[in-house]
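Dear colleague,

I am passing on to you the structure below, together with some notes on what was found in it. Please look at the sequence and the model first, and then read on.

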Amino acid sequence: MSLVIARSLSERGIEVIGCDDVDLTVLSFSKHTKDSFTHPHFEREPEAALNAFEEAIRKYAPEDDRPYVLIPGFRDAKLFSRNRDRFEPLIKIAAPPAECIDLIHPKDNFAEFATDNALQAPETRILTPDEFRDLSIEEMNLPRIVKPVDGVGGRGVSLLKDDSDVTHYRDDLKGKQNLLLQEAIDGEDYCVAIAARRGDLIAISAYKNIKQFPVESGAGAIRETVSAEPFEETARKLVAASGWHGVAEVDFRWDENSDQPAKLIEINPRFWAGLFHSTESGIDYPWLAFAIAAGLPLKDEQLEDDHVGFRSRTPAAWILSVAQEIAGSDEHMESASSAWKSLKADASKGDVLQALRHFPEALSQSALSAGTIKKLRAELKRHEELPSEFTADHDPATGLGILFALSSLVRHGELPPELKFDADEPEEPTFHENNDDVRPVIGITRPDKGDFFAFQAMKLAVWMAGGRPVAITSSAPRDPHSIDGLLFGGGSDVYPDRYQGKPKEHVRYDLARDEMEASWAQAAFEHGIPMLGVCRGMQMMNVYAGGTLHPDLSAYDEEYPTDFLQRVFYRKPVEVRTSSKLYQMVERDELCVNSIHTQAIDDLGKGFHATALEPNGLIQGIEHADHKFAVGIQFHPEFLLYRRFARDIFRAFVNAAGAFAEKRNSEVATS
């Protein structure tokens, strides 16, 4: 959803800043954002989150009179709406007024609002969990729909058809949240997207789920646009009665083969999981939210889209919905593999991540029949060309946003709500460009053994920046004429004898790598090959030029973490000197970086000067005065690729390598 919003606004020339309560989100990897930041958890630390936003809003405020808008992406809409006075007029809040939201949210408020305003809605009873447990089967008047008053992604919604369904729901019932018991409406569910300005409907579109995950009741896996006409009259009444101002998603239930009107199920005062589909259907809802909040004119906006029949898919949910259907229909497969049963159990709870985990195991363990394999292939083939959030434009790094699950585990100790309740999950990144001949070759130094993940991260960073990464090791040192740029990677400490230091006990040094990298540094200086040194790489470049290192960080008054995982996620501020090449690369005078190193530069080598410093004086960046591109940084940008400045560092380095390759090739051609 955030990616769709960012793409919409970026393509209209609006500068976009992303944020979340975890790192590594899909938006932080997108080319459509200028920067991103993290903030405290909205629900656990609301005041701290609001304080962080106050600080960020002032930091990023434009100096001219451009519209400045904060767009809540999901459940935070209610929080910002309630605290509107805290931020306006410095920034406009693209969320409906709090008094509008309170009329329709949570779902029990909406049930009462619909009754009071004679809106077409199912008969509804509001019950506490204890009241639901005590209610007799006769009093329930089955079939009935039961759901919590505040939930997302279909979580907790069940159709109660008989005594057994009621017993199972009661057994699984947890928490103290009130429940809605509604009459079961025949037909299908429809998602209706709306935008309104002060009670006037200005845009409406509708879609339905062709497939969903979990299959019985869940988020959309394949969606199809339908005519909004059956829902428009009720939507207009709803908007007028509430004085709605902003965007929203309205759920309807309707049997198109009957003469009964569509019934309102609920209204969500926020953006919705099918935002990509709604926007691709012809109405740019993120832009409408921005324009409504900023008070911009909307002269040519559509009232209703004209893309009836348009379909899109949500990659992971689509695959899992097919898997769940086949697992349930093939008796041999279900009995042959407990993994399929586990997949179905997790699917029924909407646990996307856990269900995905079982999928490969299920495929490998099952003795699939020829008919099952044929059906699986046919189902996947039938919809594989449908567009999704991650195929809309060439923004390949966004697939890495799935790493936000890891970030959430580290930061909060649990999976994010999106992976517990919803199925809108990104697929793996796909790189469409495969013409290696036009990419400058970047040699990355690494040890003969080990550092696998760090090297893979460095390769990815170079590839994303437009380079072709190749490994350089002591056993495979390569020829200086075979590369266009030299990247000294991180790893073990440089051997202290190289700078008159004292080797540490119980520390293993890679002397062969030291020799190889010293030889490469000499070749790079002699031939003018662009160089980038990362962590150990920067230290090695400095030592080669006659500089020295602190063997540890005890000289600095700073409590750096010692555990590796903590060091990966630890962040500290770094001041960048505006006269430096590093500043030209990142266009920022302050960075927030990681701290994985255990040594630091002491005396600078000949020709090098410091370009970035920590507040305590520790050197975080160097560059050489006489070499066209010899830059060193102490932090690890390959682990910060969700930050634009980290990607900009690699892009500038690869561009320098490309310019060097062109110059060298032209000289060869001339001679």
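Helix H1, which spans residues 2-10, is mostly covered, with 7 of its 9 residues buried. The buried residues are Leu3, Val4, Ile5, Ala6, Arg7, Ser8 and Leu9, and what covers them includes helix H11 (275-280) and helix H12 (285-294). Please keep in mind, here and in what follows, that this is a predicted model.

A second place to look at is alanine 195, which lies in strand E9, residues 188-197. Alanine 195 counts as buried because its relative accessibility is 0%, and buried here means under 20%. Apart from its neighbours within four places in sequence, alanine 195 is in contact with Asp200, Leu201, Ile202, Ala203, Gly246, Val247, Tyr285, Leu288 and Ile292. One of these partners, valine 247, is 52 residues away from alanine 195 along the chain, yet the C-alpha atoms of the two are separated by 4.3 Å.

Turning to the strands, you will find an open sheet formed by 4 strands in the order E5-E8-E6-E7, with antiparallel pairing. At the edges are strand E5 (124-127) and strand E7 (158-160), each of which pairs on one side only, and from one strand to the next the twist averages 25°. Within this sheet, strand E6 (residues 144-148) and strand E8 (residues 179-183) pair in the antiparallel sense over 5 bridges, and valine 146 has leucine 181 in E8 as its bridge partner. Two helices are found against these strands: helix H6 (residues 107-116) lies across E5, E6 and E8 and runs at about 145° to E5, while helix H9 (residues 163-172) packs on the sheet, where it touches E6, E7 and E8, and its direction makes about 140° with that of E7.

Further along the chain, helix H20 (residues 452-464) and helix H25 (residues 644-670) pack at an angle of about 65°, and their axes are 8 Å apart. Because of that angle, H20 counts as roughly perpendicular to H25, a description that applies from 65 to 115 degrees. The crossing of H20 and H25 is right-handed. On the side of H20 the contact is made by Met458, Ala461, Val462 and Met464, and on the side of H25 by Arg647, Phe650 and Val654; by class, the contact of these two helices has 6 nonpolar, no polar and 1 charged residues.

With best wishes

Terms used. Residues are numbered from 1 along each chain as its sequence is written. This is a predicted model: local features need pLDDT of at least 70, side-chain atom pairs count only at pLDDT 80 or more; totals for chains, interfaces and linings use all residues. Side-chain values use heavy atoms; hydrogens and water are left out. Buried means under 20% relative accessible area, exposed over 50%, partly exposed in between (1.4 Å probe, protein chains only). Contact means heavy atoms within 4.5 Å. Two strands pair if DSSP finds at least two bridges between them. Axes are lines fitted to C-alpha atoms, for helices over the stretch in contact, and angles run from 0 to 180 degrees between N-to-C directions. Angles under 35 degrees count as roughly parallel, over 145 as roughly antiparallel, 65 to 115 as roughly perpendicular and the rest as oblique. A crossing is left-handed if the near helix is turned anticlockwise from the far one by less than a right angle, and right-handed if clockwise. Ala, Val, Leu, Ile, Met, Phe, Trp, Tyr, Cys and Pro count as nonpolar, Asp, Glu, Lys and Arg as charged, and the others, Gly among them, as polar.
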